[in-house]
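Let's walk through this structure together, moving from its sheets to the helices around them and then to a few individual residues. Please keep the 3D view open as you read.

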Amino acid sequence: MKPLQELTRSAIWELTPYSCARDEFKGRAARVFLDANENPYNNPLNRYPDPLQEELKKKLAHVKGVAASKIFLGNGSDEAIDLVFRVFCEPREDNVVAIAPTYGMYSVCAAINDVEYRGVPLRQDFTLDADALLAAADEHTKVIWLCSPNNPTGNALERQAVEQVLQQFEGIVVVDEAYSDFNDQRPFRLDLEKYPNLIVLNTFSKLWASAAIRLGIAYASEDIIGLLNKVKYPYNVNVLTQQQAMKMLDDLQHIDLWRATLLSERTHLLPSVAELPICKAVYPTDANFFLARMTDADRIYHYLVDKGIVVRNRSRVQLCDNCLRITVGTPEENNALLGALRQYKP
């Protein structure tokens, strides 16, 4: 890895971050708050939230096995994605490399930040070609983006290939593990000590069934987390989100039940879709969704919409011609999907 200062935009490295009112009395007892121009009524919603979400991070650290000092929390994973560009990529000068197809926000954030985005196709079976990915990088490549399990293909990338990228690339490698809770591969967040250039993303939106609260997670070295905190908006995670996340972390029994149910439904749903005459292939998945190649994805998609069933049409995505991405739902939702597909008339 190159020195972190060399990878970071000079303007960010030299930036003096905004100082929150709550930062100034950290560690001291306080009972009268007249520092932040807050309305003294409507407690507790009248007060600004903890800008660094320290109580929540302590609880999350215990559950996820990562020190609280190596955790960043943001307004969805999308905030962390955008911050990586803002911290490390000089607009119109640097570039990033990513697999293709993959999660669309990487390229959207690249465009917003005026950073060149280089997509490198996966192999036809959706496996990672580490050599091709590394060959696409040059001296101006600051970040490589990997999503595992990948969206929209559903498969976890081969660990050896990801490790090759981590070992040979001198810049930042982001491994987005939004769907990692649905497979048994060792999560890369547990290998931060081994790879100082690694950032791992996670979210409360998937297994934790809390997409509405918009809480994303980034795990990285303390130095990288410090840079993300330096650039983020002062109070980026509101108090209601923090409170709800704390409740979810206290309800691990429900989380385990949801996981077991979804994995069981996935096991039954995939072969049921695969045996349909209108399905050409169902691809292996390590996520809570799967990719199915259909005879006429556009027509089937609109047919399902007319039936009140919404899936994702990925036909215009690279390598995904005639493919639908289907999320594993409740038993009732999955049965409704299968019932509609069985009644479809080509």
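Strand 5 is a good place to begin: this strand is mostly covered, with five of its five residues buried. Keep in mind as you look that this is a predicted model. In a regular strand, side chains alternate between the two faces of the sheet. What do the two faces of strand 5 look like here? Both are covered: I172, V174 and D176 lie on one side, V173 and V175 lie on the other, and all of these residues are buried.

Now look to either side of this strand. Strand 4 (residues 141-147) pairs with strand 5 in the parallel sense, over five bridges. Within that pairing, V143 has I172 of strand 5 as its bridge partner. Strand 5 (residues 172-176) also runs parallel to strand 6 (residues 198-203), and four bridges join the two. Here V174 stands opposite I199 in strand 6.

Zoom out and you can place these strands in their sheet. It is an open sheet of seven strands with mixed pairing, in the order 1-7-6-5-4-2-3. Which strands are at its edges? They are strand 1 (71-75) and strand 3 (116-121), each of which pairs on one side only. On average, neighbouring strands of this sheet are turned by 25 degrees against each other, direction ignored.

A helix lies across part of this sheet. Helix 3 (residues 54-64) crosses strand 1, strand 6 and strand 7 (215-219), and runs at about 115 degrees to strand 1. Have a look at K64, which is in helix 3. Is K64 buried or exposed? It counts as buried, because its relative accessibility is 5%, below the 20% cut-off for that label. Setting aside neighbours within four places in sequence, K64 is in contact with D181, R189, L190, N202, W208 and Y219. E90, by contrast, is 26 residues from K64 along the chain, and the C-alpha atoms of the two are separated by 33 Å.

Next, find the place where two helices meet. The axes of helix 4 (residues 76-88) and helix 8 come within 10 Å and cross at roughly 95 degrees. The two helices are therefore roughly perpendicular to each other. Helix 4 brings L83, V84, R86, V87 and F88 to the contact, while helix 8 brings I224, L227, L228 and V231. Sorted by character, the residues of this contact are eight nonpolar, no polar and one charged.

Follow the chain on from helix 8 and you come to N236, in the loop between helix 8 (222-231) and helix 9 (239-249). Although N236 sits in a loop, it counts as buried because its relative accessibility is 12%. Which side chains does the side chain of N236 meet in polar contacts? One is that of E79, at 3.2 Å. Another is that of K232, also listed at 3.2 Å. Not counting residues up to four places away in sequence, N236 touches P51, Q53, F72, L73, G74, N75 and E79.

There is a further sheet to explore. Four strands form this open sheet, in the order 8-9-11-10, and their pairing is antiparallel. Strand 8 (279-282) and strand 10 (312-313) stand at its edges with a single partner strand each, so one side of each has no neighbour in the sheet. Strand 8 pairs with strand 9 (residues 289-294) in the antiparallel sense over three bridges, and A281 stands opposite R293 in strand 9. Helix 10 (residues 252-274) packs on this sheet, touching strand 8 and strand 9, and its direction makes about 150 degrees with that of strand 8.

Helix 11 (residues 297-306) lies across strand 9, strand 10 and strand 11 (323-327), running at about 35 degrees to strand 11. To finish, look at N322, in the loop between strand 10 and strand 11. What does the side chain of N322 reach? It reaches the backbone nitrogen of A297, at 2.9 Å. Leaving aside neighbours within four places in sequence, N322 is in contact with A292, R293, M294, T295, D296, A297 and S315.

Technical notes. Residues are numbered from 1 along each chain as its sequence is written. This is a predicted model: local features need pLDDT of at least 70, side-chain atom pairs count only at pLDDT 80 or more; totals for chains, interfaces and linings use all residues. Side-chain values use heavy atoms; hydrogens and water are left out. Buried means under 20% relative accessible area, exposed over 50%, partly exposed in between (1.4 Å probe, protein chains only). A polar contact is a pair of N or O atoms within 3.5 Å; within protein, one must be able to donate a hydrogen and the other to accept it, and residues adjacent in sequence count only if both atoms are side-chain atoms. Contact means heavy atoms within 4.5 Å. Two strands pair if DSSP finds at least two bridges between them. Axes are lines fitted to C-alpha atoms, for helices over the stretch in contact, and angles run from 0 to 180 degrees between N-to-C directions. Angles under 35 degrees count as roughly parallel, over 145 as roughly antiparallel, 65 to 115 as roughly perpendicular and the rest as oblique. Ala, Val, Leu, Ile, Met, Phe, Trp, Tyr, Cys and Pro count as nonpolar, Asp, Glu, Lys and Arg as charged, and the others, Gly among them, as polar.
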